[in-house]
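Take a walk through this protein, one stop at a time. Keep the sequence and the 3D view side by side as you read.

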Amino acid sequence: MTTAMFRLNGKSEPLTVATIAGLISSLGLADRQRGLAVALNGELVARADWPLTRLVEGDDVEVVTALQGG
């Protein structure tokens, strides 16, 4: 039995979560209220849609966090 895989920020990873919200939680980013964006297969996903947006094998996900600097 092979494990379903997806790409996260350009790196192949096993697909162990069902939704974008689950992914964000597994990455330890669930507490971030601002400065976090997610694109699924090249399309920005609204934060309100994260709990409903399912991930499937072969998806390409980019998670971007804004860094404050000066």
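Threonine 53 touches Ala18, Thr19, Ile20, Leu40 and Val45, leaving out residues up to four places away in sequence. This is a predicted model. Find threonine 53 in the loop between strand 4, residues 43-44, and strand 5. Is threonine 53 buried or exposed? Threonine 53 counts as buried, because its relative accessibility is 16% and the cut-off for buried is under 20%. Now look for glycine 28, which is 25 residues away from threonine 53 along the chain. The C-alpha atoms of these two residues are separated by 18 Å.

One of the contacts of threonine 53 is Thr19, so turn there next. Threonine 19 sits in the loop between strand 2, residues 11-14, and helix 1. Threonine 19 has 15% relative accessibility, so it also counts as buried. What does threonine 19 touch, apart from its neighbours within four places in sequence? The contacts are Trp50, Pro51, Thr53, Arg54 and Leu55. The side chain of threonine 19 has another partner: one of its polar atoms lies 3.0 Å from the backbone nitrogen of glycine 22.

Next comes the nonpolar core. The largest one holds 16 residues. Which of its members touch the most other members? They are Ile20, Leu23, Ile24, Leu55, Val61 and Val63. Several elements feed this core. Strand 1 (5-8), helix 1 (20-26), strand 3 (36-40) and strand 5 (60-65) each supply at least two residues. Pick out valine 63 and follow its contacts. Setting aside residues up to four places away in sequence, valine 63 touches Leu8, Asn9, Leu23, Ile24, Leu27, Leu29, Leu36, Ala37 and Val38.

Now step back to the whole fold. The protein has one helix and five strands. Along the sequence, the pattern reads β-β-α-β-β-β. The radius of gyration is 12 Å, close to the 11 Å that the globule rule gives for 70 residues, so the protein is as compact as a globular protein of that length. Along its principal axes, the C-alpha trace spans about 50 × 25 × 20 Å. Of the 70 residues, 29% count as buried. The accessible surface comes to about 4900 Å². Carbon and sulfur atoms account for 53% of that surface. How much of the contact network links distant parts of the sequence? Among contacts with a separation of 6 or more, 54% join residues 24 or more positions apart.

Charged side chains give a short stop. How many salt bridges does the structure hold? It holds one. The partners are glutamate 13 and lysine 11, and their closest N and O atoms are 3.7 Å apart. The two ends differ in exposure class. Glutamate 13 is partly exposed, because its relative accessible area is 23%. Lysine 11 counts as exposed, because its relative accessibility is 53% and the cut-off for exposed is over 50%.

Two asparagines deserve a look at the backbone. Asparagine 9 is in the loop between strand 1 and strand 2. Its phi is near 50°, a positive value in a residue other than glycine. With 41% relative accessibility, asparagine 9 counts as partly exposed. Asparagine 9 has come up before, as one of the contacts of valine 63. Asparagine 41 lies in the loop between strand 3 and strand 4. Asparagine 41 has a positive phi of about 50°, although it is not a glycine. Its relative accessible area is 44%, so asparagine 41 is partly exposed.

The last stop is leucine 67, in the segment after strand 5. Is leucine 67 buried or exposed? Leucine 67 is exposed, because its relative accessible area is 78%. Compare its position with that of leucine 36, which is 31 residues away along the chain. The C-alpha atoms of leucine 67 and leucine 36 are separated by 9.7 Å. Leucine 36 is also among the contacts of valine 63.

Note on methods
Residues numbered from 1 in each chain as written. Predicted model: local features only at pLDDT ≥ 70, side-chain atom pairs only at ≥ 80, totals over all residues. Heavy atoms only, no water. Core = buried A, V, L, I, M, F, W, Y, C linked by side-chain atoms within 4.5 Å. Buried < 20%, exposed > 50% of the residue type's maximum accessible area, 1.4 Å probe, protein only. Helix = DSSP H or I, 4+ residues; strand = E, 2+ residues; numbered from the N terminus. Contact = heavy atoms within 4.5 Å. Polar contact = N/O pair within 3.5 Å; in protein donor to acceptor, adjacent residues only side chain to side chain. Salt bridge = Lys/Arg side-chain N within 4 Å of Asp/Glu carboxyl O. Rg over C-alpha atoms; globule rule 2.2 N^0.38 Å. Areas by Shrake-Rupley, 256 points an atom, 1.4 Å probe, with all protein chains shown as cover.
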